[in-house]
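Here are some exercises to work through with the model open beside you. Try each task before you read its solution.

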Amino acid sequence: MAFPIKVCVVCSEEFELKPDKPGFANRCPECSEPEPVDSITKQSVDATEPRTPREVNEARRQAMRDLLYRKDS
Ligand SMILES: [Zn+2]
């Protein structure tokens, strides 16, 4: 089973476009996730271009994890 390979318009990383993928078809799953970071960092308006995709993804993942844990406890 092969899914079409797309290039994310946000982080320029390749990803498999799965039929049940939420969000935009031209964004990878990570970039399709809601961004809780946006409400915290107001700089995001100026940071339209991510410095390092990997760095941004890591930060986003951390933020998501923090939110999840906080919700849990
Ligand atoms: Zn992406």
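**Exercise 1. Decide whether C31 is buried or exposed, and list its contacts.**

Step 1. The relative accessibility of C31 is 4%. Buried means under 20% relative accessible area, exposed over 50%, and partly exposed in between, using a 1.4 Å probe and protein chains only. C31 is therefore buried.

Step 2. Contact means heavy atoms within 4.5 Å. With neighbours within four places in sequence set aside, C31 is in contact with C8, V10, C11 and R60.

Step 3. A word on the model: it is predicted, so local features need pLDDT of at least 70 and side-chain atom pairs count only at pLDDT 80 or more, while totals for chains, interfaces and linings use all residues. Residues are numbered from 1 along each chain as its sequence is written, and side-chain values use heavy atoms, with hydrogens and water left out.

**Exercise 2. Work out which residues coordinate the zinc ion and what geometry the site has.**

Step 1. Look for donors, which are N, O and S atoms within 2.8 Å of the metal (3.2 Å for Na, K and Ca); water is not among the atoms, so sites may look incomplete. The SG atoms of C8, C11, C28 and C31 coordinate the zinc ion at 2.2 to 2.3 Å.

Step 2. Check the angles: among the four donor atoms they are 105 to 118°. Four donors count as tetrahedral if all angles lie between 85 and 135 degrees, and the zinc site is tetrahedral.

Step 3. Read the spacing of the donor residues along the sequence: C-x2-C-x16-C-x2-C.

**Exercise 3. Find how many disulfides the structure holds, and which residues form the largest nonpolar core.**

Step 1. A disulfide is counted when two cysteine sulfur atoms lie within 2.5 Å. The structure holds zero disulfides.

Step 2. A nonpolar core is a set of buried Ala, Val, Leu, Ile, Met, Phe, Trp, Tyr and Cys residues joined through side-chain atoms within 4.5 Å. The largest one has six residues: C8, C11, F15, L17, C28 and C31.

Step 3. Confirm the burial of some members. C11 is buried because its relative accessible area is 5%, and C28 is buried as well.

**Exercise 4. Place V10, S12 and K21 among the secondary structure elements, and classify each by accessibility.**

Step 1. Helices (H or I, at least four residues) and strands (E, at least two) are DSSP runs, numbered from the N terminus. The protein has three helices and two strands, in the order β-β-α-α-α from the N terminus on.

Step 2. V10 sits in the loop between strand 1 (5–7) and strand 2. Its relative accessible area is 30%, so V10 is partly exposed. The C-alpha atoms of V10 and R27 are separated by 6.5 Å, although these residues are 17 residues apart along the chain.

Step 3. S12 is also found in the loop between strand 1 and strand 2. S12 has 56% relative accessibility and so counts as exposed. Its phi is near 60°, a positive value in a residue other than glycine.

Step 4. K21 lies in the loop between strand 2 (14–16) and helix 1 (29–32). K21 counts as buried because its relative accessibility is 13%. Not counting residues up to four places away in sequence, K21 touches F15, E16, R27, C28, P29 and S32. K21 and S32 are 8.9 Å apart, C-alpha to C-alpha.

Technical notes: Tetrahedral: all angles 85-135°; square planar, octahedral: opposite > 155°, others 65-115°.
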